[in-house]
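User: I'm new to this structure and would like to understand the labels attached to it. Could you take me through the reasoning behind them?

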Amino acid sequence: MARKKSGAVLCSSCRQIIGVNEKRCPHCGAIAPGLFGFAPALQRVFRERIDPVSLLVGASVVVYALTLLVDPRCIHTGIDLDFGSPSGEALRLFGMTGRFAMVEGRPWTLLTAIFLHGSLLHLGFNLMWVRSLAPPAVELFGKGRAVVIFILSGVGCFLASDLWSGAPTLGASGAIFGLMGALLAYGRKRGGEFGAQIRRDMIMWAGLMFFLGLAMPGVNNAAHVGGFITGLLLGRVLPARERKRETRSARILALVLLLGTLAAFLVSVATGLSGFVPGRCA
Ligand SMILES: [Zn+2]
């Protein structure tokens, strides 16, 4: 990121022209409106570089590939629902969560587990949902807020799961339930025919997915409920883009969560590597 040290920039909060070194924005009163010279970089990243949908999908695919690559002999190749499942050893290394992880003092797994998947079907199914729900969330809330909803709902879902069921768990479905909850909250606030339509769709999809989860074995229902409630609350708190343009705080928080997730993976692998035994296939 390039830092701008002199001249005029757009205020990171209200986007009116200010001097980059002004302490307070004369238009909106924001403190450090030039973000110490980083305001243009932040604006550029969110305008051009970050496509949240590709980013979330891409990260999940890359992480899935890595979990296969570190323990290739133990990939499940039987032609069944678990086809393409990475070894438990690999999933633990990259930060699967569960009560065991909390007991071992690995709280960062609340972040890493969002991007881990247990089989090719699990990955494909979840990414299909991300591809259909993240674009409306970006459109209606804004890029930064959509990322915040996705990641914080993922954290909320695993907190609920680790406290409630405690089972080892992973996957983006809690974050996906969060997107549904946030869109449902948006529909309620928006009102009108458009709002009612979104609300009906989200109630239908979340209901269907939840009951499918109850009917199928091995689905983490506590996580689904936790993710949905987190998303619902965030959707109520965060303003929609049509009412209030995305503020810099949402974008900074989104960047912090994304970089925090990257750091969580690095910490998870760095601290887990000494106990990692590939080829055990347990
Ligand atoms: Zn301003």
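Analyst: Happy to; here is how some of the labels follow from a predicted model.

User: What makes Cys74 and Cys281 a disulfide?

Analyst: Their sulfur atoms are 1.9 Å apart, and a disulfide needs two cysteine sulfur atoms within 2.5 Å, so the pair qualifies. A search of the whole structure finds 1 disulfide. The link of Cys74 and Cys281 is left-handed, with -80° about the S-S bond.

User: Which parts does the pair tie together?

Analyst: Cys74 sits in the loop between α2 (52–69) and α3 (88–94), while Cys281 belongs to the segment after α11 (248–272), so the link joins parts 207 residues apart in sequence.

User: Why is Cys74 called buried?

Analyst: Its relative accessible area is 11%, and buried means under 20%, so Cys74 is buried. Cys157, at 1%, earns the label by that rule too.

User: How do you know that Cys281 is partly exposed?

Analyst: Cys281 has a relative accessible area of 43%. Partly exposed covers values between the 20% and 50% limits, so the label fits Cys281. Cys28, at 38%, also counts as partly exposed.

User: Which residues form the positive surface patch?

Analyst: Arg188, Lys189, Arg199, Arg236 and Arg243 form it. Lys189 is placed in helix α8 (residues 173–190).

User: Why can Lys189 meet the accessibility condition for a patch?

Analyst: A patch residue needs over 30% relative accessible area, and Lys189 has 42%, so Lys189 passes that condition. At this value Lys189 counts as partly exposed.

Methods:
Residues are numbered from 1 along each chain as its sequence is written. This is a predicted model: local features need pLDDT of at least 70, side-chain atom pairs count only at pLDDT 80 or more; totals for chains, interfaces and linings use all residues. Side-chain values use heavy atoms; hydrogens and water are left out. Helices (H or I, at least four residues) and strands (E, at least two) are DSSP runs, numbered from the N terminus. Buried means under 20% relative accessible area, exposed over 50%, partly exposed in between (1.4 Å probe, protein chains only). Patches are made of residues with over 30% relative accessible area and no salt bridge: like charges are joined within 9 Å, nonpolar side chains (Val, Leu, Ile, Met, Phe, Trp, Tyr) within 5 Å. Accessible areas come from the Shrake-Rupley method with a 1.4 Å probe; for residues, only the protein chains shown count as cover. A salt bridge is a side-chain nitrogen of Lys or Arg within 4 Å of a carboxyl oxygen of Asp or Glu. Lys and Arg count as positive and Asp and Glu as negative; His and the chain ends are not counted. The place of a charge is taken as NZ of Lys, CZ of Arg, CG of Asp or CD of Glu.
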